[in-house]
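Welcome! Here are a few exercises to help you find your way around a new structure, each with a worked solution to check yourself against.

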Amino acid sequence: MTKGYRVSAYRTIADPEKLASYNKLAGPAVKAAGGRALARSDRGVAHDAGIAARTVLIEFDNFEQAVAAHASAAYQEALAALADGVERDFRIIEGLD
C-alpha cells in the first residue's frame with residue numbers, strides 16, 4: 001500500500017487566534033488518526049504560481065487513512081474552530097510507493 005499525504009499551503013492567515021485554536025485541536029486529532037508531521041514551516045521558496053507561505057506536510061501509512069483522518073469527528077471539530085481564519089490549499093494525495 002502506498003502512503004497518503006496531506007499538504008496544506010496557506011495563502012493568507014486572516015485570524016491568527018482561530019489558527020491557534022485549530023492547531024491545538026488538529027495536532028492531537030491528526031496524531032490519533034496515525035498522522036506524522038514531516039514538515040511545517042513559514043520558510044520556503046515558491047516558483048511559478050506558488051505563494052511562499054506556511055506549508056504543512058503530514059504523512060499517513062496509506063491514502064485511505066489520510067482521507068479518514070480528515071473525516072474524523074476530532075478533525076472536523078478542529079476545522080470548525082478554524083472556520084474562516086485562513087485561506088489555504090489543502091490536498092490529500094497518494095504517495096508513489
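**Exercise 1.** At roughly what angle do the axes of helix α2 and helix α3 cross? Then work out how the contact is built.

*Solution.* Keep in mind that this is a predicted model.
- Start with the axes: those of α2 (residues 63-71) and α3 (residues 73-82) come within 5 Å and cross at roughly 55°.
- Next, classify the angle: this crossing makes α2 oblique to α3.
- Now find the residues that touch. Ala 69, His 70 and Ala 71 come from α2, while α3 supplies Ala 73, Tyr 75, Gln 76 and Leu 79.
- Finally, sort the residues of this contact: five are nonpolar, two are polar and none is charged.

**Exercise 2.** Which residues of α3 are buried? Decide how they are arranged around the helix.

*Solution.*
- The buried residues of α3 are Tyr 75, Ala 78 and Leu 82.
- Look down the axis of α3: its buried residues fall within an arc of 55°, so they line one face of the helix.
- A general rule helps here: an α-helix has 3.6 residues a turn, so residues three or four places apart point the same way.
- Turn to the face away from the buried side of α3, and you meet the exposed residues Ala 73 and Ala 80.
- Then ask what covers the buried residues of α3: the cover includes β1 (4-13), α1 (16-32), α2 and β4.

**Exercise 3.** In what order do the four strands form the open sheet? Place the helices against it.

*Solution.*
- The order is β2-β3-β1-β4, with antiparallel pairing.
- The edge strands are β2 and β4, since each pairs on one side only.
- From one strand to the next, the twist averages 15°.
- Zoom in on one pair: β2 and β3 are joined by five bridges. Arg 36 has Glu 59 of β3 as its bridge partner.
- Add α1, which packs on the sheet and touches β1, β3 and β4; its direction makes about 170° with that of β1.
- Add α3, which lies across β1 and β4 and runs at about 155° to β4.

**Exercise 4.** Is Asp 48 buried or exposed? Compare your finding with Ala 83.

*Solution.*
- Locate Asp 48 in the loop between β2 (36-41) and β3 (55-60). Its phi is positive, about 55°, although Asp 48 is not a glycine.
- Asp 48 has 85% relative accessibility and therefore counts as exposed.
- Ala 83 sits just after α3 and has a positive phi of about 45°. The loop that holds Ala 83 runs between α3 and β4 (86-94).
- With 49% relative accessibility, Ala 83 counts as partly exposed, because exposed means over 50%.

Key
Residues are numbered from 1 along each chain as its sequence is written. This is a predicted model: local features need pLDDT of at least 70, side-chain atom pairs count only at pLDDT 80 or more; totals for chains, interfaces and linings use all residues. Side-chain values use heavy atoms; hydrogens and water are left out. Axes are lines fitted to C-alpha atoms, for helices over the stretch in contact, and angles run from 0 to 180 degrees between N-to-C directions. Helices (H or I, at least four residues) and strands (E, at least two) are DSSP runs, numbered from the N terminus. Contact means heavy atoms within 4.5 Å. Ala, Val, Leu, Ile, Met, Phe, Trp, Tyr, Cys and Pro count as nonpolar, Asp, Glu, Lys and Arg as charged, and the others, Gly among them, as polar. Buried means under 20% relative accessible area, exposed over 50%, partly exposed in between (1.4 Å probe, protein chains only). The arc is that of the directions from the helix axis to the C-beta atoms. Two strands pair if DSSP finds at least two bridges between them.
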